[in-house]
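Work through the exercises below with the model open beside you. Try each task before reading its solution.

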Amino acid sequence: MEFNTHMQAALSAARAAAKRGEIPVGAVIVDPKGHVIATAGNRTRELNDPTAHAEILAIRAACAVVGSERLLGHALYVTLEPCAMCAAAISAARIARLYYGASDPKSGGVGQGARVFSHPQCHHAPEVYDGIAAAESEAYLRAFFAARR
């Protein structure tokens, strides 16, 4: 099977989040056949909800589409390394593969910091692929924060 990245769709969701004044993080969930079933960008400020990260919103939408709390065989593409909260949600949803762009040394929960998937208490760890469109993801984040300084 040929690898097809859906990171451009996640980057598009990140750009839309930035236009709404949100931190530019976008996420896309793809079903086992390779179809995008959910797309989301950060909405923490808009919804006054600290849990409204792109990954959480995409997981909620995808679960509604499939009619289950489990996303077996699904893949998540996200522009920034998930935080510990999002990593726990990815595990709970049983997402099969995680692809992320930029690493997050400050708040990351996968390859940095908490490393949620490596804990013995973690019931499910997806396959993890980092660095997908990392330079583009990092550029959006840098530009967003530079404009606010």
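**Exercise 1. The strand β1**

Which residue in β2 does G26 stand opposite?

Solution. G26 stands opposite G41 in β2. Before going on, note the ground rules. The model is predicted: local features need pLDDT of at least 70, side-chain atom pairs count only at pLDDT 80 or more, and totals for chains, interfaces and linings use all residues. Residues are numbered from 1 along each chain as its sequence is written, and side-chain values use heavy atoms, with hydrogens and water left out.

Step 1. Fix the terms. Strands are DSSP runs of E with at least two residues, helices are runs of H or I with at least four, and both are numbered from the N terminus. Two strands pair if DSSP finds at least two bridges between them.

Step 2. Count the bridges to β2. β1 and β2 run antiparallel and are joined by five bridges. They form a hairpin with five residues between them. In that turn, G34 has a positive phi of about 95 degrees.

Step 3. Turn to the other partner. β1 (residues 26-30) pairs with β3 (residues 75-80) in the antiparallel sense, over four bridges. V28 stands opposite Y77 in β3, and V30 has A75 as its bridge partner.

Step 4. Check burial (buried means under 20% relative accessible area, exposed over 50%, partly exposed in between, with a 1.4 Å probe and protein chains only). Five of the five residues of β1 are buried. G26, V28 and V30 lie on one side, A27 and I29 on the other. In a regular strand the side chains alternate between the two faces of the sheet.

**Exercise 2. The whole sheet**

Give the strand order, then find the edges.

Solution. Step 1. The order is β2-β1-β3-β4-β5, in an open sheet of five strands with mixed pairing.

Step 2. β2 (36-41) and β5 (127-130) each have a single partner strand, so one side of each has no neighbour in the sheet.

Step 3. Neighbouring strands are turned by 15 degrees against each other on average, direction ignored. Axes are lines fitted to C-alpha atoms, for helices over the stretch in contact, and angles run from 0 to 180 degrees between N-to-C directions.

Step 4. Add a helix. α3 (residues 54-66) packs on the sheet and touches β1, β2 and β3. Its direction makes about 150 degrees with that of β2. Contact here means heavy atoms within 4.5 Å.

**Exercise 3. Two helices, two faces**

Test the length of α1 and α5, then locate their buried residues.

Solution. Step 1. The expected span is 1.5 Å times one less than the number of residues. For the 13 residues of α1 (residues 7-19) this gives 18 Å, and the end C-alpha atoms are 18 Å apart. α5 has 14 residues and reaches 20 Å, close to the 20 Å expected.

Step 2. In α1, the buried residues are M7, A10, L11, A13, A14 and A17. They fall within an arc of 160 degrees, so they line one face of the helix. The arc is that of the directions from the helix axis to the C-beta atoms.

Step 3. In α5, the buried residues are A134, S137, L141 and F144. Their arc is only 105 degrees, which puts them on the same side of α5. On the other side, A135, R142 and A147 are exposed.

Step 4. Find the cover. For α1 it includes β1, β2, β3, β4 (97-102) and α5 (134-147). For α5 it includes α1, α2 (44-47), β3 and β4.

**Exercise 4. A residue of β3**

Is T79 buried or exposed?

Solution. Step 1. T79 is in strand β3. It is buried, with a relative accessible area of 2%.

Step 2. List contacts, not counting residues up to four places away in sequence. Among them are M7, A10, L11 and A14, as well as G26 and S137.

**Exercise 5. The cysteine pair**

How many disulfides does the structure hold?

Solution. Step 1. Apply the cut-off: a disulfide is a pair of cysteine sulfur atoms within 2.5 Å. The structure holds zero.

Step 2. Check the candidates. The sulfur of C83 is 3.7 Å from that of C86, too far for a bond.

Step 3. Add burial. C83 counts as buried at 16% relative accessibility. C86 is buried at 0%.
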